Amino acid sequence: MVKATLRGGLCAGLMMAALSSASAQVLEIGMDAGPTGLDPHLITAFPSFMVVNGNIYEGLTAVDKDLKVGPGLAESWTVSPDGKTYTFKLRQNVKFHDGAAMTADDVVSTIRRVQSKDMASPLASRLAAVETATAVDPQTVELKLKEPSAPLLASIATIAIVPKSVETNKDALQKAPVGTGPFKFQEWQPNGFILLSKHDGYWGAGSPKLSGLKFNIVPESATRQVGLTNGQYALLPNIDAATALQLKGKPGVKLGETLDLAYTLIGLNTSKPPFDNPKVREAVNYAINRQEIVDAALFGAGVPGGPLSPALKNWAVDVAQFACYKPDPAKAQALLKEAGVAMPVAVTMNVLPRQDVKDIAQVVQEQLNKAGFKVELKNQEQGQFIQDWRNSNFDMFASINAGSPDPDDYFYRTFRTGGSTNVFKYSDAEIDKLLDGARTMQDQAARKAAYDEVQKKLACSGPVAHLAYGTLFSAMRDKLQGYDVMPNRSLGTLRGASLTP
Amino acid sequence: MNRALLTRLFDLLIVLFGVSIIVFLMIRMIPGDAVAIMLGANTEITAERMAELKSRVGLDRPIIEQYLIWAGSALRGDLGTSLWTGRPVATEILIHLWPTLELTFLALLFGAGLAVPVGCLMAQLRGGAADVAMRVGAIAGLTIPSFWLGIVLIVVLAQVAPGFASLGYVPFSEDPVGNLQRMLLPSFALALPILANLSRLVRSAMLDALGQDYIRTARAKGVSERRVVYKHALRNALIPFITSVGIMTGYLLGGAIVVEQVFAIPGLGRLILGAIAERNYPLIQSTILVVTAGFVLVNFIVDALYIVIDPRVRA
Amino acid sequence: MRALHRNKLLAFAVAFVALQIILALGAPIIAPYDPMAQSVIARLKGPTAAHWLGTDQLGRDVLARILYGYRTSLIACLLSVGAALVLGGALGLLAAYYRGWLDRIIMRVMDVLFAFPVMLLAIGIIAVLGPQTYSASIAIAVVYTPIFARLLRGPALVLCESEYVAGARAIGASDARIIFLHILPNLASVILVQTSLLLSAAILVEASLSFLGLGTQPPTPSLGLMLSEGRNFLMLSPWSALFAGFAILFLSFGFNLLGDALRDTLDPRLRGQP
């Protein structure tokens, strides 16, 4: 019996060896969750984003690993002096996976698709400034804006160009995506794996080097880790610090890291007591010890964060400039007294169901309780959390949000009076004025000054206590070369990656 | 006999009808607006998007009409489409069915196959310390959390034999050895409680039977001990054995949900958990309906077998 | 000789379960630390003199959390199985006593609920309720109600037909009196045995649900939850998950052994049946 098993194992080992030499260049990736769909204009979840972004689809512009905007499917562009007309020159020889050439018509229909009420794409707001898109010639697209839009080039990086034939089709791309990216869709076994293969007609010379990507869906963390250490998987992308720590130093395994664009936050409902009082919100900020959160919940891998991620080097204000970021429970208590609220201040905190957020919520609960609050945690099922979030049905909540490369995308919808994700019902005339102004500014320095002002104002008495930006890790086998972790969790750098034997 | 079977068949239909109503209502009893919940986190939800989704799922119709449409098409074999991927639910279920079937089959094979010799051994060792030890062992096997056992097995095996621990799933038809290699641990984790349960059953049936008059008669007639045990006593154990296997399918399904999660096997349990996590209500309701219907059918077949095997039940 | 064995086993089972209940009830007194107290510096440590079973990912004492976890799991399971017993038992008795259409309606509804695989129905119910602290308890209660109803209806039917009950009826005893004084006491042994066995199973179901993130929610210490959280840190420190797993095993094992031993003692005819 034992012998038979051993022989079976050996036999399987040989077979695996034989298989692996035949498909040596297929990158085996271990993911915790599978995508819910692959239409780039409809998906919202990270797993879907990681599979499609930069691999299957590309936008007119592209964001690099330092979050700088550069050419994508458009090789160059010009902006009119009034900032209201953008003219994009498309790259030559771009082919969709079905073999058709990509032309200006595809770009125009893509923009119509995202803006269409019928598609109801969650990306529509990113193109809110665009009035018309026209194909000047097969290689030239002109966008006319209603008003100048500073974040436009960053926004359109997230708009994947799709064939014009799917303009009104809501189902086709969800299960069988067609894009221009370096990898094309091959097979999808739900809850099993997604297989992408090399796109032979890809425009980028010499890439991709890999012959395919296989996204294996493995929900259990311990199982993924074992899979990487025994060589079955070659990449565990975008993992948290705890997982990285466990894989650090294992033979044949190396880590890549970058500062995450996503941030953890405590949201405060400013439409009802006690957080309608700015002093109470300030007290929360004084009560929170951000370094302790980083140490406790993020295993020291991260930095205390203000309203913008330090990953956005061009925009973020150094947190040392925010007075309330120096933990001071006594000051918090004093502020609560000043505010005239009954202590301890009893509040409920809704918690997004993710392990890191749950851990952070528990640490924040401890800290706030030491500074005159009495926080009750309400761990919710994801759907319920989202519903309460959307209906502003909360005192406070703990969550994690994906960040954006341009400040406008986050700030405007979140803090502008009536903003589409301003669930805090926050309203401040000065902030509104700054945000409205910065949105249409052409001058980079002036724009930066406006957002500095916004950050300083939001940091201590805004409706969000920003907590921390974690370090984002990827663990991989030594043989994987040329892949960089990106702050926005895109796996787009895999186009340049290869497996050394 | 036909009468007994017909009565049960009638019960079966009533139960299936009841099950369909419960599943249907369950989804609609979700507090708040199910449509709002279906949409993702921290994204902008427009009224258009809500309305579009509502009409796609059919939630904008009167509730009776919704049920009739759903049940009517389910009867015709159309289980609707998955909300996000637009794939037919029937296809999704078929894809996920095989790994679960294989897992349950192997676990049953393991558990039931070993239960007979182990149970016989237990019966022979009755009384004394060995009996107590085996009994305690059996109860421990019954109460060990299978997901915990699974994780411990994975981690331990990764230390002991790193090359052997292959994870995930490959179809048997593609790579038979790799398939069995991957299924070994999960089916073992799942089989342990079955083994514990069935071996105790075999033991008590054997003890019962060995005390019966006809066995004594057989012995007196000089029939060999081996023949006594296997022919007469085991047959006695068959009926409770089959009943238990029927009940076990339910347990196996529940156990499979967590074990599939741990071992990354793309089976029905993962399908349901995933559908719940992504609020894919059409998928949830049809999958629960189909799985429960399957479970009810298995029990019906067990009942029918019972009637065929044991003439006393016919009355 | 064998009777002695049986009683020894029963005594052991009672002692084993009692010990765990005492640990659970006495958690506030026995526990060496506050189960919520965090200490980042002392996180994910193995067993030491200060922390006998080590610490978890937030530096909380594993022993304290296990003791309180016993409490959470026990209360959740006692409540849910108790509720199922009262509700399912009542329905089963009513069905058996009154027969006719009431019997038929009750038992058909029970059949429908019984038709669902346990975990599947529990997961479905939690999908509706959302994973709040008592969702898992409610789900387990609903799932076990038909089991008790079916379990008690059979023996109750036999009792109702008995001369004993017929005699009680003849001397004009009320229905309630008959049910409570004549039928129920005779079912005590069945109830005791099955409750114990189902408690054992309920503990596993609660743990499985917590493991899937659908049961008890943090920061409440619960055994399934400790295992679920601890499994993310297995390679750093397996202790929290390991000990929580053992605690679940011991608790479930204790009740199962108790049920088994009780069955042997109370009803020799049922020996060894699952």
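This is a selection-by-selection tour of a predicted model, starting with chain A and ending where chain B meets chain C.

**Chain A as a whole**

Select chain A and colour by secondary structure: 15 helices and 20 strands are assigned. Viewed along the principal axes, the C-alpha atoms occupy a box of roughly 75 × 70 × 35 Å. The radius of gyration is 24 Å, which agrees with the value near 23 Å for a compact globule of 501 residues. Of those 501 residues, 55% count as buried. Take the contacts between residues at least 6 apart in sequence: 70% of them join residues at least 24 apart.

**Domains of chain A**

Next, colour chain A by domain. Domain 1 is assembled from three segments, 25-38, 175-260 and 472-499, while domain 2 covers 58-174 and domain 3 covers 263-470. Show domain 2 and domain 3 together; the C-alpha centres of these two domains of chain A lie 33 Å apart. Their contact draws on eleven residues from domain 2 and 13 residues from domain 3. On the domain 2 side, the residues touching domain 3 comprise six nonpolar, four polar and one charged.

**The four-stranded sheet**

Stay in chain A and select strands 4, 5, 6 and 7. They make an open sheet with the order 4-5-7-6 and antiparallel pairing. Which strands stand at the edges? Strand 4 and strand 6 (130-137) do; each has a single partner strand, so one side of each is left without a neighbour in the sheet. From one strand to the next, the twist averages 20°.

Now narrow the selection to strand 4 (residues 74-79) and strand 5 (residues 85-90) of chain A, which pair in the antiparallel sense over five bridges. Two pairs of residues can be picked out here. Val79(A) has Tyr86(A) of strand 5 as its bridge partner, and Ser76(A) stands opposite Lys89(A) of strand 5. The two strands form a hairpin with five residues between them. In the turn, select Gly83(A), which has a positive phi of about 75°.

**The helix across the sheet**

Add helix 3 (residues 104-115) of chain A to the view. This helix lies across strand 5, strand 6 and strand 7 (140-145) of chain A. Relative to strand 6 of chain A, helix 3 runs at about 165°.

**Met119(A)**

Follow the chain from helix 3 towards strand 6 and stop at Met119(A), in the loop between these two elements of chain A. Is Met119(A) buried or exposed? Met119(A) counts as buried because 22 C-beta neighbours fall inside 10 Å. Leaving aside neighbours within four places in sequence, the contacts of Met119(A) are His41(A), Arg113(A), Val114(A) and Lys170(A). Draw a distance from Met119(A) to Lys170(A): their C-alpha atoms are separated by 6.8 Å, with the two residues 51 apart along the chain.

**Where chain B meets chain C**

Finally, hide chain A and show chains B and C. Here 42 residues of chain B are in contact with 37 residues of chain C. Seven helices can be selected on the chain B side: helix 1 (2-28), helix 6 (128-143), helix 7 (146-160), helix 8 (176-211), helix 10 (225-263), helix 11 (268-277) and helix 12 (281-309) each supply at least two residues. Which helix of chain B gives the most to the side that touches chain C? Helix 1 of chain B does, with seven residues. Coloured by residue class, the side of chain B that touches chain C divides into 30 nonpolar, nine polar and three charged residues.

Conventions. Residues are numbered from 1 along each chain as its sequence is written. Chains are lettered from A and ligands numbered from 1 in the order in which they are written. This is a predicted model: local features need pLDDT of at least 70, side-chain atom pairs count only at pLDDT 80 or more; totals for chains, interfaces and linings use all residues. The radius of gyration is taken over C-alpha atoms; the globule rule is 2.2 Å times the number of residues to the power 0.38. A residue is buried if 20 or more other C-beta atoms lie within 10 Å of its own, exposed if 12 or fewer, and partly exposed in between; C-beta atoms are placed from the backbone. Two residues are in contact if their C-beta atoms, placed from the backbone, lie within 7 Å. Two strands pair if DSSP finds at least two bridges between them. Ala, Val, Leu, Ile, Met, Phe, Trp, Tyr, Cys and Pro count as nonpolar, Asp, Glu, Lys and Arg as charged, and the others, Gly among them, as polar. Axes are lines fitted to C-alpha atoms, for helices over the stretch in contact, and angles run from 0 to 180 degrees between N-to-C directions. Domain bounds come from an automatic or database domain assignment.
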